[in-house]
Amino acid sequence: MKALQKLVRPNIWNLTPYSSARDEFKGEASVFLDANENPYNAPFNRYPDPLQRELKKKIARIKGVKPDQLFLGVGSDECIDVLYRAFCEPAVDNVVAIDPTYGMYKVCADINNVEYRKVRLDADFDFDVETLLAQVDDHTKLIFFCSPNNPSGNLLSQEKIKAVLSRFDGIVVVDEAYIDFAASDGFLPLLDAYAGLVVMHTFSKAWGNAAVRLGMAFASPEIIGIFNKIKYPYNINLLTQQHVFALLDRQAQVREWVAGLTAGREALRAELEQLPVVEKIYRSDANFLLVRVDDAQRIYDYLVESGIVVRNRHRITLCENCLRITVGTPDENRILIETLQKYT
């Protein structure tokens with residue numbers, strides 16, 4: 001990786017971050033008169049810990065990292081946006097990403113006025129290292145990988161991503177929102193091996209807490225320090241911190257959910273394969289299936305009329321006539337199959 005100072009936008013590198021009252025005092029006290037807070041309605045009258053220290057310690061133990069290698073954002077979307085704001089000079093720099101993939105990478109690029117270069121995957125939703133690196137130039141700051149990928153569901157080759165990490169001198173982001181459903185440890189164990197690696201996880205999928213909006217970015221302490229300079233002072237509220245702190249004690253239940261959903265994914269695949277309207281089901285390492293059907297729009301409309309909502313991916317690259325179907329409860333999966341069996 002290039003020296004971090006050469007990758008970070010100059011104004012960000014030189015930024016003096018906002019210093020909040022909770023940054024300037026760390027420790028225990030009985031009287032707080034420093035932050036112009038209302039003294040009544042405890043504990044919600046107090047600003048939360050801006051760096052979420054206790055929560056990060058608990059997450060770090062579970063994930064096998066150090067607390068200073070962890071950034072918490074309002075969903076993974078904040079983590080993505082912070083990457084752009086840290087490294088990409090608007091109208092100058094660019095990022096490279098596979099196509100198709102998670103749509104927020106491009107939306108954030110457009111919001112931040114950063115060129116977004118797509119590298120089309122092959123028919124098996126795989127990428128070629130040389131083709132991808134051919135899109136890289138001196139102004140490429142970020143490369144995005146989503147693995148398992150969305151909307152295809154497949155794990156990307158770890159060896160190919162390692163090859164990119166070894167040859168690209170910028171920041172490589174591996175978004176592992178669905179890694180809990182895959183037979184892989186992902187890239188988190190490799191965090192110390194690659195200075196330019198950023199790994200993203202979330203509480204929205206396996207942990208069943210999409211409404212809570214908490215995403216995680218793991219990187220070197222130096223990169224995390226840059227993120228902390230940029231983020232708004234109290235980005236993670238007290239209710240979220242308390243809820244997730246308690247949620248982390250329910251790992252056994254989460255493992256049960258994951259086991260049930262991965263088994264349900266394969267059972268749903270077997271049922272879908274028997275339907276005449278299904279032409280192909282792609283390999284999935286996530287909690288959903290990408291299914292090619294004979295007429296995606298017509299089947300989507302039929303399911304909506306029947307009270308069932310799936311995702312129509314027909315207009316996405318390589319996804320012509322494809323529906324993305326999330327694995328539900330056994331009853332929800334049964335209702336889906338029974339409804340499709342009646343489709344004519």
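1. Asn 154 is buried in this predicted model, because its relative accessible area of 6% falls under the 20% limit. The residue sits in the loop between β4 and α8. Its side chain makes a polar contact of 2.5 Å with the side chain of Ser 152. Beyond four places in sequence, Asn 154 touches Asp 124, Phe 125, Pro 148, Asn 149, Arg 283 and Asp 285.

2. The loop between β4 (140-146) and α8 (158-167) also holds Pro 151. The peptide bond that leads from Asn 150 into Pro 151 is cis, and its omega is near 25 degrees. A second cis peptide bond deserves a check: Asp 99 is joined to Pro 100 with omega at about 10 degrees. Pro 100 belongs to the loop between β2 (94-99) and α6 (104-111). As background, most peptide bonds are trans.

3. Which sign does phi take at Gln 52? Phi is positive there, at about 50 degrees, although Gln 52 is not a glycine. This residue is located in the loop between α3 (21-24) and α4 (53-63). Gln 52 counts as buried because its relative accessibility is 2%, against a limit of under 20%.

4. Asn 321 likewise calls for inspection of the backbone. Its phi is near 55 degrees, a positive value in a residue other than glycine. Asn 321 is placed in the loop between β10 (311-312) and β11 (322-326). With a relative accessibility of 19%, Asn 321 counts as buried, since the category covers values under 20%. For context, most residues other than glycine have a negative phi.

5. Val 258 is part of helix α11, which spans residues 251-272. Is this residue buried or exposed? Val 258 counts as buried, because its relative accessibility is 12%. Setting aside neighbours within four places in sequence, its contacts are Asp 180, Phe 181 and Ala 206. The C-alpha atoms of Val 258 and Asn 287 are 8.5 Å apart in space, while the two residues are 29 apart in sequence.

6. The pairing of β8 with β9 may be described next. Strand β8 covers residues 278-281 and strand β9 covers residues 288-293; they pair in the antiparallel sense over 3 bridges. Val 278 stands opposite Val 293 of β9. The connection from β8 to β9 is a hairpin of 6 residues.

7. The largest nonpolar core contains 52 residues. Which of its members touch the most other members? They are Phe 127, Leu 132, Phe 145, Val 164 and Phe 203. Apart from this core lies another, of 34 residues, with Val 173, Val 198, Met 200 and Ala 217 among them. In soluble globular proteins, nonpolar side chains tend to be buried together.

8. Phe 145 merits a separate entry. Not counting neighbours within four places in sequence, its contacts include Phe 127, Leu 132 and Val 164, which are listed with Phe 145 among the residues of the largest core that touch the most other members. Further contacts of Phe 145 are Ile 98, Tyr 105, Leu 156, Ile 161, Val 172, Val 173, Val 174 and Asp 175.

Conventions:
Residues are numbered from 1 along each chain as its sequence is written. This is a predicted model: local features need pLDDT of at least 70, side-chain atom pairs count only at pLDDT 80 or more; totals for chains, interfaces and linings use all residues. Side-chain values use heavy atoms; hydrogens and water are left out. Two strands pair if DSSP finds at least two bridges between them. Helices (H or I, at least four residues) and strands (E, at least two) are DSSP runs, numbered from the N terminus. Buried means under 20% relative accessible area, exposed over 50%, partly exposed in between (1.4 Å probe, protein chains only). Contact means heavy atoms within 4.5 Å. A polar contact is a pair of N or O atoms within 3.5 Å; within protein, one must be able to donate a hydrogen and the other to accept it, and residues adjacent in sequence count only if both atoms are side-chain atoms. A nonpolar core is a set of buried Ala, Val, Leu, Ile, Met, Phe, Trp, Tyr and Cys residues joined through side-chain atoms within 4.5 Å.
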